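User: I'm new to this structure and would like a close look at a single part of it. Could you pick one helix and walk me through how it sits among its surroundings?

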Amino acid sequence: MVFPERFSNLPEYAFPRLRTLLDVHEPGGEPVLMTIGEPRHAFPPWIGDVIATHLQGFGRYPENDGSMALRVAQADWLGRRFDIDVAADTQILALNGTREGLYNACMALCPERKNGQRPVVLTPNPFYQVYAVAALSVGAEPVYLPATEATGDLPDFHAVDPAILERTAIAYICSPANPQGAVASEAYWEALIALAEQHDFKIFADECYSEIYRDTPPVSALRVAQRMGADAERVMIFHSLSKRSNLPGLRSGFCAGGPESIARMKQLRAYSGAPLPMPLQAVAETVWADEAHVEENRALYQQKYTIADEIFADVTGYRGPEAGFFLWLPVEDAEAATLKLWRETGVRVLPGHYLAREVDGVTPGQDRIRVAMVAEQEEMRRGLMTLRKALYE
């Protein structure tokens with residue numbers, strides 16, 4: 001039996017790997033789960049009513065591109081939130097969660113050759129793992145750029161060898177960053193977009209944490225690109241209701257970008273996509289149009305930032321996130337710290353390097369643990385105080 005080689009050297013995915021590390025041991029206390037970024041705040045209470053109103057839609061095949069009403073709601077939200085001007089019919093594609101879009105955008109838009117050579121896909125390191133698998137799926141070479149304290153927790157694209165940039169077809173970037181919580185400034189986006197214009201590559205901006213922040217709303221790469229007058233196909237942005245609205249199970253997101261890029265994604269998705277059922281598209285349309293629940297959700301996370309800052313205030317190397325809901329905490333050995341926490345306290349976290357790849361003998365995140373602040377406030381406080389006592393006292 002012959003199998004493809006392109007995925008043969010993939011490391012075990014982060015969470016099965018974590019189970020292998022921890023599940024042979026009993027927890028040392030009542031478990032506090034702080035590993036997965038699954039929001040646990042309440043979603044809007046009227047969701048069920050919207051589904052009920054549109055229940056008959058389960059008897060229809062859903063619209064593959066997303067209903068026009070949904071895409072209008074998404075385009076309108078981009079206009080209100082970021083002052084982005086996009087046409088709902090040609091520049092928006094509804095997605096079954098952003099992971100699907102981040103993968104299929106690479107499938108649809110990465111060329112087989114770039115300047116006569118194997119194309120490169122740039123990705124931060126550590127990173128959301130779909131970026132690398134998308135690159136391998138299209139036969140591109142993934143190049144991992146350190147996103148560490150030394151680089152401001154965002155990749156330094158200008159440090160990339162110009163020969164690599166000439167082969168680059170796509171650059172993935174997450175802002176606000178998972179796991180570090182760093183936010184790309186307008187100046188950062190300007191510099192990256194100018195570099196992409198110079199070397200003719202696309203930017204896939206994963207912005208799904210954009211609505212969870214401390215003080216200043218993160219800017220969007222597409223807004224900066226439009227203001228700069230960049231090529232309309234240069235930047236693709238990806239958004240979701242999972243974090244913004246506490247609806248990870250809805251699997252509703254969208255991408256926005258140039259009309260040719262969206263047309264190519266629609267063409268591929270007509271064959272391979274899994275569109276959202278029509279009642280759920282109606283829910284998503286309603287949720288994108290409402291900001292009151294988003295403001296309430298953000299306020300809860302802002303309270304959590306304050307709690308974390310107070311608990312870790314005197315911990316050397318602690319830096320609270322600018323946005324998102326992860327803590328990226330310093331430790332000497334990530335696996336050892338994770339195992340100690342579980343065996344002695346029942347607090348469950350993720351070793352940082354489980355989200356990274358080794359480059360030149362170095363794997364970012366070996367001295368960090370990722371802690372998800374998604375639990376209810378008092379459970380989170382208890383988990384963080386337990387963690388602090390176990391690791392820093």
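Analyst: Here is a walk along helix 13, with a short stop at a residue elsewhere. Keep in mind that this is a predicted model.

Helix 13 runs over residues 334–345, so it has 12 residues by the DSSP assignment. From its first C-alpha to its last it reaches 16 Å, close to the 16 Å expected at 1.5 Å a residue.

Let's begin where the helix starts. There, a side-chain oxygen of Asp333 comes to within 3.1 Å of the backbone nitrogen of Glu335. At the other end, Gly346 sits just after helix 13 and takes a positive phi of about 85°.

Now for the part that's tucked away. The buried residues of helix 13 are Ala334, Ala337, Thr338, Leu341, Trp342 and Thr345. They cover an arc of only 125° around the axis, so they lie on the same side of helix 13. And what covers them? The cover includes helix 1 (14–22) and helix 14 (377–392), along with strand 10 (347–348), strand 11 (350–351) and strand 12 (368–372).

For another buried spot, look at His293, which belongs to helix 12 (residues 292–311). His293 counts as buried because its relative accessibility is 10%, and the cut-off for buried is under 20%. The His293 side chain makes a polar contact of 2.8 Å with the side chain of Ser245, and another of 2.6 Å joins it to the side chain of Asp290. Leaving out residues up to four places away in sequence, His293 touches Pro44, Trp46, Arg244, Ser245 and Val287.

Methods: Residues are numbered from 1 along each chain as its sequence is written. This is a predicted model: local features need pLDDT of at least 70, side-chain atom pairs count only at pLDDT 80 or more; totals for chains, interfaces and linings use all residues. Side-chain values use heavy atoms; hydrogens and water are left out. Helices (H or I, at least four residues) and strands (E, at least two) are DSSP runs, numbered from the N terminus. The expected span of a helix is 1.5 Å times one less than its number of residues. Buried means under 20% relative accessible area, exposed over 50%, partly exposed in between (1.4 Å probe, protein chains only). The arc is that of the directions from the helix axis to the C-beta atoms. Contact means heavy atoms within 4.5 Å. A polar contact is a pair of N or O atoms within 3.5 Å; within protein, one must be able to donate a hydrogen and the other to accept it, and residues adjacent in sequence count only if both atoms are side-chain atoms.
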